[in-house]
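Hi there,

Here is the structure I promised to pass on to you. Have a look at it first, and then read my notes below.

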Amino acid sequence: AQKQAKIDALQDKVKEYEKEMDRLRDLIGEESERENELELLRERNRQLALNLRDSQADLEGAERKNCVLTDKFKEANDALATATDELQELRRRTREREAYIRQLQENLRRADERIEEKDQNNENLRNNCDEL
C-alpha cells in the first residue's frame with residue numbers, strides 16, 4: 001500500500017511535470033510568436049525609417065525649389081515694379097507730348113486764321129488798287 005501510494009504520488013508528480021512541460025511549451029510557442037511579431041515590427045520600423053529618410057530628402061528638395069522659386073518671384077516682382085514705373089513715366093511723357101501737340105494744333109489753327117485774314121486783306125487791297 002505504501003508502495004502504491006508512492007507510485008501514485010510519483011505518477012501525480014509526473015502528471016504535474018507533464019502539465020508544467022506543456023505549459024512551458026505553450027509559453028515557448030507564444031514567445032516564438034512574439035519574437036516573430038517583434039521581427040516583423042522591426043522590419044516595418046526599418047521600412048518606415050527608409051520612407052522617412054526618402055520623405056525628408058523630398059522635403060529638402062522641395063524646400064530648395066521653394067527658395068529658388070521665391071527668389072525668382074522676388075526678381076519678377078522687382079522687374080514688374082520697374083516696368084510699372086517705366087510705364088507711368090511713359091504715360092506722363094505721352095500726356096506731355098499730347099498737350100504739346102494740342103498746343104501746336106492750336107497755334108497752327110491760329111496761324112491759318114491769320115493767313116486767311118491776310119489773304120482777305122490782300123484781296124481787299126488788290127480790289128482797292130484795281131478801283132483806283
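Searching the whole structure, which is a predicted model, turns up twelve salt bridges. If the term is new to you, the general idea is that side chains of opposite charge can pair when their charged atoms come close.

Let's begin with E39, which takes part in two of the pairs I want to show you. With R42, E39 makes a salt bridge in which the closest N and O atoms are 3.8 Å apart. Both residues belong to helix α1, where three residues, or about one turn of the helix, separate R42 from E39. E39 also meets R46 in a salt bridge, this time with an N to O distance of 3.1 Å.

How accessible are these side chains? E39 has a relative accessibility of 39% and counts as partly exposed. R42, at 43%, is partly exposed, and R46 is partly exposed at 41%.

Now move along the chain to E106 and R110. Their salt bridge has its closest N and O atoms 3.3 Å apart. Where do E106 and R110 sit relative to each other? They are four residues apart in helix α1, so about one helical turn separates them. E106 is partly exposed, with 25% relative accessibility, and R110 is partly exposed at 38%. Going back to the earlier group, E39, R42, E43 and R46 are joined into one network by salt bridges that share partners.

Some charged residues form a patch instead. D26, E30, E33 and E37 make up a negative surface patch. One of them, E37, is found in helix α1, which covers residues 2-131. E37 has 48% relative accessibility and is therefore partly exposed, as the cut-off for exposed is over 50%.

Last, a word on cysteines. A disulfide is a covalent bond between the sulfur atoms of two cysteines. How many disulfides does the structure hold? The number is zero. You can still find cysteines to look at, including C67 and C129. C67 has a relative accessible area of 49%, so this residue is partly exposed. C129, with 55%, is exposed.

A good way to follow all this is to pick out E39 on your screen and trace its salt bridges to R42 and R46. Then go on to E106 and R110, and finish with the patch that includes E37.

Happy exploring, and write back with any questions!

Best wishes

How values were computed. Residues numbered from 1 in each chain as written. Predicted model: local features only at pLDDT ≥ 70, side-chain atom pairs only at ≥ 80, totals over all residues. Heavy atoms only, no water. Patch = residues over 30% accessible without salt bridge, like charges linked within 9 Å, V, L, I, M, F, W, Y side chains within 5 Å. Areas by Shrake-Rupley, 256 points an atom, 1.4 Å probe, with all protein chains shown as cover. Salt bridge = Lys/Arg side-chain N within 4 Å of Asp/Glu carboxyl O. Lys, Arg positive; Asp, Glu negative; His and termini not counted. Charge placed at Lys NZ, Arg CZ, Asp CG, Glu CD. Helix = DSSP H or I, 4+ residues; strand = E, 2+ residues; numbered from the N terminus. Buried < 20%, exposed > 50% of the residue type's maximum accessible area, 1.4 Å probe, protein only. Disulfide = S-S within 2.5 Å.
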